[in-house]
Amino acid sequence: MQLPPWKTQHRFVELRTPWLTLIGEYLADHQAQSLEYWRVEKADSAIVLPIHRQQILLPPPTYRPGVGEETWDFPGGRILENISPGAAAIAILQREMKLAEEAIASLKPLNATGWAVNSSFSNQYLYGFVAEIHPSVDIDPAFVGKKLPATESGIRELLDLLICVQCRAVLLAWWFERCGKDLNQ
């Protein structure tokens with residue numbers, strides 16, 4: 001039995017910025033109990049796992065204000081309004097690794113509908129992609145911080161490096177798919 005959706009009783013805060021909207025509101029649950037909730041609305045995001053010559057590439061570490069340090073991450077970013085997740089993934093590779101669209105041999109989505117990043121707090125969805133870079137392409141070393149083999153040992157090393165749960169989700173979804181394991185079972 002599907003419970004009826006909760007109803008917004010009153011929105012008491014709405015703060016809009018170019019990066020996010022913060023909303024505070026009172027919701028009535030299916031038992032008409034009034035509850036205070038805070039949530040963030042953000043643009044969906046895409047993360048791309050780039051593979052070149054059987055190696056997984058990471059751009060140089062980037063400072064992340066949320067954790068207060070530089071971290072290793074796959075190329076990623078927001079999906080702008082009226083842009084498809086696939087087009088955003090290509091733009092991300094162009095921006096972060098200086099790869100021309102022609103350098104990308106294939107771009108494979110890992111999830112067609114996106115994964116909810118934090119469904120109780122945010123409306124944001126994450127789209128994961130794997131980009132195979134043409135083996136004949138030479139990538140500027142200034143845009144590659146680390147190369148790891150696309151093997152089990154490389155995956156283990158990546159899991160030690162990546163603190164971003166979204167990057168880890170993309171990596172593990174790709175690895176399980178590559179090993180022929182269906183994560184949806």
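How do helix 2 and helix 3 run relative to each other, roughly parallel or roughly antiparallel? They are roughly antiparallel, because their axes cross at roughly 165° and an angle over 145 degrees counts that way. Please keep in mind that this is a predicted model. Welcome to a protein chain with 3 helices and 12 strands; here is a short tour, from the whole chain to single residues.

**The chain as a whole**

- The protein chain has 185 residues, and 34% of them count as buried.
- Along its principal axes, the C-alpha trace spans about 60 × 40 × 30 Å.
- Among contacts in the protein chain with a separation of 6 or more, 56% are between residues 24 or more positions apart.

**The helix pair**

- Two packed helices are described by the angle between their axes and the distance between the axes.
- For helix 2 and helix 3, the axes come within 11 Å.
- The crossing in which helix 2 passes helix 3 is left-handed.
- On the helix 2 side, the contact is made by Glu152, Ile155, Leu158 and Leu159.
- On the helix 3 side, the contact residues are Arg168, Leu171, Leu172, Trp174 and Trp175.
- Sorted by character, the residues of this contact are 7 nonpolar, no polar and 2 charged.

**The nonpolar cores**

- The largest nonpolar core has 21 residues.
- Leu49, Ile56, Phe74, Leu158, Leu162, Leu171 and Trp174 are the residues with the most contacts inside this core.
- At least two core residues each come from strand 4 (45-52), strand 5 (55-58), strand 11 (125-133), helix 2 (152-161) and helix 3 (165-178).
- Helix 3 provides the largest share of this core, with 6 residues.
- Leaving aside residues up to four places away in sequence, Trp174 touches Leu49, Ile51, Ile56, Leu110, Val130, Ala150 and Ile155.
- There is also a second, separate core of 20 residues, and Ile79, Ile90, Met97 and Ile133 are among them.

**Around Trp19 and Glu41**

- Trp19 sits in the loop between strand 1 (7-16) and strand 2.
- With a relative accessibility of 58%, Trp19 counts as exposed, because the cut-off for exposed is over 50%.
- Not counting residues up to four places away in sequence, Trp19 touches Lys42 and Arg78.
- Trp19 and Ala43 are 24 residues apart in sequence, with 7.9 Å between their C-alpha atoms.
- Glu41 belongs to strand 3 and is partly exposed, at a relative accessible area of 27%.
- Beyond residues up to four places away in sequence, Glu41 touches Leu20, Thr21, Ile23 and Asn123.
- From Glu41 to Ala112, 71 residues apart along the chain, the C-alpha separation is 21 Å.

**Around Phe121**

- The loop between strand 10 (115-116) and strand 11 holds Phe121.
- Phe121 is partly exposed, and its relative accessible area is 37%.
- Setting aside residues up to four places away in sequence, Phe121 touches Trp38, Arg39 and Val40.
- Phe121 and Gln166 are 45 residues apart in sequence, and their C-alpha atoms are 16 Å apart.

**Around His134**

- You can find His134 in the loop between strand 11 and strand 12 (146-149).
- His134 has a relative accessible area of 30% and is partly exposed.
- His134 touches His52, Glu102, Ala103, Ile104 and Ala105, with residues up to four places away in sequence not counted.
- His134 and Ile51 are 83 residues apart along the chain, yet their C-alpha atoms are separated by 9.1 Å.

**Two residues with positive phi**

- Ala32 is not a glycine, but it has a positive phi of about 65°.
- Ala32 lies in the loop between strand 2 (21-28) and strand 3 (34-41), and at 62% relative accessibility it counts as exposed.
- Lys98, also not a glycine, has a positive phi of about 55°.
- The loop between helix 1 (85-97) and strand 9 (104-109) is the place of Lys98.

Key. Residues are numbered from 1 along each chain as its sequence is written. This is a predicted model: local features need pLDDT of at least 70, side-chain atom pairs count only at pLDDT 80 or more; totals for chains, interfaces and linings use all residues. Side-chain values use heavy atoms; hydrogens and water are left out. A nonpolar core is a set of buried Ala, Val, Leu, Ile, Met, Phe, Trp, Tyr and Cys residues joined through side-chain atoms within 4.5 Å. Buried means under 20% relative accessible area, exposed over 50%, partly exposed in between (1.4 Å probe, protein chains only). Helices (H or I, at least four residues) and strands (E, at least two) are DSSP runs, numbered from the N terminus. Contact means heavy atoms within 4.5 Å. Axes are lines fitted to C-alpha atoms, for helices over the stretch in contact, and angles run from 0 to 180 degrees between N-to-C directions. A crossing is left-handed if the near helix is turned anticlockwise from the far one by less than a right angle, and right-handed if clockwise. Ala, Val, Leu, Ile, Met, Phe, Trp, Tyr, Cys and Pro count as nonpolar, Asp, Glu, Lys and Arg as charged, and the others, Gly among them, as polar.
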